[in-house]
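Welcome! Take a moment to look over the sequence and the model below, and then let us walk through them together.

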2 protein chains.
Amino acid sequence: MKRRKTPSKEKILAILKSQDYATSHEKIANQIDDINRATIYRILNQFCEDGIAHRIIAENGKQFFALCKDCEAEEHHHNHLHFQCNTCEKVECFESEINISLPNGYVIENFNGLINGFCNLCSSA
Amino acid sequence: MKRRKTPSKEKILAILKSQDYATSHEKIANQIDDINRATIYRILNQFCEDGIAHRIIAENGKQFFALCKDCEAEEHHHNHLHFQCNTCEKVECFESEINISLPNGYVIENFNGLINGFCNLCSSA
DNA sequence: AATATTGTTGCGACTATGTTGCAATAGTAC
DNA sequence: GTACTATTGCAACATAGTCGCAACAATATT
Ligand SMILES: [Mn+2]
Ligand SMILES: [Mn+2]
Ligand SMILES: [Zn+2]
Ligand SMILES: [Zn+2]
């Protein structure tokens with residue numbers, strides 16, 4: 001499958017770029033009114049496949065998406081933690097990569113690490 | 001709410017105890033035919049609230065449950081990683097607690113860490 | 001520039017997982 | 001045994017994401 005450049009993809013990419021936090025489908029849909037639900041999902045899945053974005057699974061099973069920093073389709077670097085605030089519900093990527101060591105014979109394909117709690121803004125309020 | 005001891009709870013607890021791996025609602029339901037879907041969910045949620053079990057969110061958003069080792073309702077110790085095999089789909093708890101350090105002002109409430117990949121049995125096959 | 005190829009989109013239907021309101025049932029304390 | 005209220009079954013609901021298909025449009029070919 002050779003990817004094509006389309007207005008829908010550009011629009012969604014622009015939204016992801018404009019965001020300081022990882023973004024849910026819901027939030028993206030709110031900023032768009034002319035792209036179909038299913039299309040948004042398909043584009044986000046493509047971005048993940050292509051190493052443009054990565055997917056974070058929240059505590060409630062909901063997906064969030066954030067642009068990758070140094071990933072390519074082949075070589076991913078997603079061994080970092082994420083944080084979701086229980087109050088403001090924002091999801092952010094933490095910078096530092098964590099070190100994962102596996103038992104013998106185990107092979108890692110992906111890592112999803114999410115801390116829930118209260119962010120600096122919400123914990124002080 | 002004072003908890004009551006019921007046959008349903010005992011049955012589900014026994015299933016969790018008999019399992020070497022974290023268990024999904026689906027798998028529990030397969031071993032039971034006289035307890036309602038909703039009841040199973042409610043009991044599992046109770047176990048989590050009471051510090052009897054903890055919940056793992058898989059990559060597809062599905063919930064898995066494992067008995068806690070040293071937790072009480074107040075003091076939880078769930079800073080360990082989990083591993084789900086992409087082939088056999090089993091979810092297991094890794095022993096070692098990981099060290100989580102947060103930026104200033106952040107407060108942790110819960111941690112969900114899941115590695116996906118291939119377990120020792122499936123990677124060699 | 002016209003045409004062919006095939007990736008993309010919208011639509012609607014569908015799946016999967018989990019939750020909730022309510023009335024009936026059954027633990028527990030007295 | 002009675003009273004109290006937690007628990008259960010049932011059915012309906014909610015939410016998130018996927019899929020098949022036909023129409024459309026980006027790209028390559030002529
Ligand atoms: Mn991230
Ligand atoms: Mn565990
Ligand atoms: Zn917050
Ligand atoms: Zn396996």
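A polar contact is a pair of N or O atoms within 3.5 Å; within protein, one must be able to donate a hydrogen and the other to accept it, and residues adjacent in sequence count only if both atoms are side-chain atoms. This is a predicted model, in which local features need pLDDT of at least 70, side-chain atom pairs count only at pLDDT 80 or more, and totals for chains, interfaces and linings use all residues. Residues are numbered from 1 along each chain as its sequence is written, chains are lettered from A and ligands numbered from 1 in the order in which they are written, and side-chain values use heavy atoms, with hydrogens and water left out.

Let us begin with the DNA. A residue is near a strand if one of its heavy atoms lies within 4 Å of it. Around DNA strand C there are 25 residues, of which Arg4(A), Thr6(A), Lys9(A), Thr39(A) and Gln63(B) come nearest. Sugar and phosphate make up 59% of the atoms of DNA strand C that come within 4 Å of the protein. DNA strand D is also surrounded by 25 residues, and the closest are Gln63(A), Arg4(B), Thr6(B), Lys9(B) and Thr39(B).

Here are some polar contacts to find on your screen.

| Protein side | DNA side | Distance |
|---|---|---|
| Arg42(B), polar side-chain atom | strand C, base oxygen | 3.3 Å |
| Asn45(B), polar side-chain atom | strand C, phosphate oxygen | 3.3 Å |
| Gln63(B), backbone N or O atom | strand C, phosphate oxygen | 2.8 Å |
| Ser8(B), polar side-chain atom | strand D, phosphate oxygen | 3.3 Å |
| Asn36(B), polar backbone atom | strand D, phosphate oxygen | 3.0 Å |

Next comes the metal. Which residues coordinate the manganese ion (ligand 2)? They are His54(B), His80(B) and His82(B), each through NE2, and Cys93(B) through SG, at 2.0 to 2.3 Å. Donors here are N, O and S atoms within 2.8 Å of the metal (3.2 Å for Na, K and Ca); water is not among the atoms, so sites may look incomplete. Along the chain, the donors follow the spacing H-x25-H-x1-H-x10-C. His54(B) is buried (under 20% relative accessible area, where exposed is over 50% and partly exposed in between, with a 1.4 Å probe and protein chains only), at 6%. His80(B) is buried too, at 8% relative accessibility.

Finally, look at Leu81(B). Leaving aside neighbours within four places in sequence, Leu81(B) is in contact with residues including Ile100(A), Phe111(A) and the metal donor Cys93(B). Contact means heavy atoms within 4.5 Å.
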